[in-house]
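Welcome, and please open your viewer. We will go from stop to stop, with something to select at each one.

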Amino acid sequence: MSMFVLNNARGESVDLNSENLFGNTPTGLGTVFTNTYSQIESYFKATKINIQQGQMQLNILFGDVESRSYQTFSQFSTFLSFQPLTLLYKTGVDTWHRDARLTSLTKTEIGGTTVLQTDKLFEQFTIEFINPWYNNKQGRYKTYNIDTGLSIYGSGFFNEQGDFNQNLILQSSGENASVDSRPNLSGVTNNNINSTISYDNDAITLNYTGTGSTEWYYGLAEAYANMSDSVLSFDKTYTISVDVQGTVPSVAFRVSNTFSPTTKINNDTWTRAVYTFSIPNLTGTTLNKFYIRLNAMATSNTAGFVKGQTLRFRHFKLEEGNTATAYTSAPEDGVTDANMKYGFGFMGVAYDDENGNKPYVDEAQVDITSIE
């Protein structure tokens with residue numbers, strides 16, 4: 001079994017362990033991470049895990065005989081011009097993929113290398129990876145064995161599998177955030193009112209600057225945002241969730257003038273606040289407009305707040321449906337997330353007989369990509 005196979009963007013493949021292209025002494029196949037931690041007494045909790053970009057180097061002997069060495073090198077150079085490349089690493093147990101781009105390919109003359117005395121070109125090939133190692137595993141759904149004589153009725157496409165929903169909030173972590181990189185809904189303005197804002201390594205902190213009952217909050221979509229500028233709609237059910245703590249007594253979400261039930265919090269532990277809602281389409285000048293906020297809440301409408309009270313939050317998630325699933329980053333953020341599975345499906349097929357069965361999908365397949 002070949003250990004290394006390289007694919008290019010044109011769908012062509014070369015075996016890097018063949019007589020014509022004999023690759024040896026590979027380096028850089030491992031994975032290196034940059035980890036960020038928050039200290040809790042003598043324990044350290046991981047708050048961000050980023051993979052470092054890696055490089056692989058491979059020495060390649062070109063051609064099975066001397067007379068074909070230059071031609072083989074030329075053909076390989078043409079192959080590399082169609083990028084990006086995908087390296088297939090066949091371990092004997094499983095096959096792993098990693099996408100890459102060419103960094104360098106040396107060019108000497110036959111006998112010009114000082115590394116190996118040979119009658120063929122002996123060059124060093126370097127690529128840099130653009131994502132982690134991944135592999136594809138199949139999940140298959142089938143209701144019953146196909147009976148002969150049934151006709152194909154319709155089809156569907158499946159692009160997700162797993163117990164998570166896509167997070168619609170960008171830069172949702174709140175860890176090591178900044179004014180230019182903090183939780184937001186694409187296309188609309190985010191804001192914080194009657195408070196200062198600070199960005200810590202584990203969360204965002206609001207510090208109340210008002211007096212009495214002045215409202216203060218973090219606005220994911222500030223009043224009033226145009227619904228057409230966002231990824232949301234009025235005809236769907238959404239669930240929003242966030243980790244909160246602070247010296248303020250409680251929090252509530254506010255969606256277009258409607259408050260959620262309050263969630264009590266403290267300043268020692270993280271509490272997950274969850275709210276399921278549909279966005280009301282208001283009338284008059286606010287028709288087709290909306291806003292979404294995380295509000296600090298006092299013990300009562302008359303109790304008010306005390307200057308200096310804090311509200312801290314992290315791990316915002318806004319998802320379709322009426323159930324809050326495990327926190328995952330938005331796909332657009334490009335963060336490798338252990339809670340997320342990436343699915344790539346093919347067309348499902350439904351079968352219908354002459355009796356008019358409903359067009360349910362009876363057969364479908366999804367390939368799951370595991371991130372390591």
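**Where confidence runs low**

Start by selecting residues 344-348: pLDDT stays under 50 over this stretch, for which the model has 23 contacts beyond four places in sequence. Keep in mind as you look around that this is a predicted model. Next, select residues 150-161, where pLDDT again stays under 50; here the model has 35 contacts beyond four places in sequence. Now colour the whole protein chain by pLDDT: the mean is 81, and 79% of the residues reach 70 or more.

**An open sheet**

Strands of a sheet pair through backbone hydrogen bonds, either parallel or antiparallel. For the next stop, show the five strands that form an open sheet in the order 13-14-22-16-20, with antiparallel pairing. Its edges are strand 13 (195-199) and strand 20 (271-278), each of which pairs on one side only. From one strand to the next, the twist averages 30°.

Zoom in on strand 14 (residues 204-208) and strand 22 (residues 310-320), which run antiparallel and are joined by four bridges. Which residue of strand 22 does L206 stand opposite? Select L311 and you will have found that partner.

**A lysine in a loop**

Finally, select K120, in the loop between strand 8 (95-105) and strand 9 (122-129). Is K120 buried or exposed? K120 counts as buried because its relative accessible area is 15%, with the cut-off for buried at under 20%. Show its side chain, which reaches the backbone oxygen of G63 at 3.3 Å. Beyond its neighbours within four places in sequence, K120 has contacts that include L61, F62, D64, I110 and G111.

Technical notes: Residues numbered from 1 in each chain as written. Predicted model: local features only at pLDDT ≥ 70, side-chain atom pairs only at ≥ 80, totals over all residues. Heavy atoms only, no water. Pairing = 2+ DSSP bridges. Helix = DSSP H or I, 4+ residues; strand = E, 2+ residues; numbered from the N terminus. Axes fitted to C-alpha atoms, helices over the stretch in contact; angles between N-to-C directions. pLDDT = per-residue confidence, 0-100. Contact = heavy atoms within 4.5 Å. Buried < 20%, exposed > 50% of the residue type's maximum accessible area, 1.4 Å probe, protein only. Polar contact = N/O pair within 3.5 Å; in protein donor to acceptor, adjacent residues only side chain to side chain.
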